[in-house]
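Colleague: Could you walk me through this model before I set anything up with it? I would like to begin with one residue and then move outwards.

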Amino acid sequence: TDPLTRRPTSDPRRESTTTMADAAVSPPEKCPCCDNPWSKGTADMFAQLCAMCEETKKEEDEKKKDEEGAAVVPALSRSNMDASVDPSDNFYEYANGGWTKSNPIPPGYPSWNTFLHLHVQSQERLKDMLEGLGDSTEGMTEDEAKVAAYYAAAMDEETIEREGT
């Protein structure tokens, strides 16, 4: 017996092994509009690429908003693909051609991808929030007032140049 749980320990030589045939296999899920069968693990991914479902998904996604009220865009979208390219010739361009055409590399960047896009977008949002705090500390919490004062001090170039720090 196990001294902590006081349960009998099992003999590993006597344990039965479960084969794939013995395991319970969940039935495939069906697409609600086109009845395509998918396994439970990949259903979300294939549903996003289903041409028949795309219009339904667009309507649902337009209703979804993030905290700031911006529309939520699905991770996989046919608009990011370039159907004019034969996938056997250039699969990368086929899968990503729409995105690369609608997201050219901005000046000042050697490359551009979704992570850089999100980083720049996050930096712009933070800057807008900090500038939105303003000079007046009325109605701010103590933490907001500290952040506003710190940001104002960091942006005061004249004082920084004059003081030399």
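**A buried asparagine and its surroundings**

Modeller: In this predicted model, N103 has a relative accessible area of 19% and therefore counts as buried, the cut-off being under 20%.

Colleague: Where does N103 sit in the chain?

Modeller: N103 lies in a loop, namely the one that connects α3 with α4.

Colleague: And what does the side chain of N103 make a polar contact with?

Modeller: The partner is the side chain of S102, and the polar contact between the two side chains spans 3.3 Å. S102 is itself part of helix α3, which covers residues 91-102.

Colleague: Staying with α3, which of its residues are buried?

Modeller: In that helix G97, G98 and W99 are buried.

Colleague: What covers those buried residues of α3?

Modeller: The cover includes α4, the helix formed by residues 114-133, so named in the numbering of helices from the N terminus.

Colleague: Changing topic, how many helices and strands does the protein have, and in what order do they run?

Modeller: There are six helices and two strands, and, starting at the N terminus, the two strands precede the helices, giving β-β-α-α-α-α-α-α.

Colleague: What share of the protein is buried?

Modeller: Of the 165 residues, 13% are buried. The accessible surface amounts to about 13,800 Å², with carbon and sulfur atoms contributing 54% of that area.

Colleague: How about contacts between residues at least 24 apart?

Modeller: Taking the contacts between residues at least 6 apart in sequence, 12% link residues at least 24 apart.

Notes:
Residues are numbered from 1 along each chain as its sequence is written. This is a predicted model: local features need pLDDT of at least 70, side-chain atom pairs count only at pLDDT 80 or more; totals for chains, interfaces and linings use all residues. Side-chain values use heavy atoms; hydrogens and water are left out. Buried means under 20% relative accessible area, exposed over 50%, partly exposed in between (1.4 Å probe, protein chains only). Helices (H or I, at least four residues) and strands (E, at least two) are DSSP runs, numbered from the N terminus. Contact means heavy atoms within 4.5 Å. Accessible areas come from the Shrake-Rupley method with a 1.4 Å probe; for residues, only the protein chains shown count as cover. A polar contact is a pair of N or O atoms within 3.5 Å; within protein, one must be able to donate a hydrogen and the other to accept it, and residues adjacent in sequence count only if both atoms are side-chain atoms.
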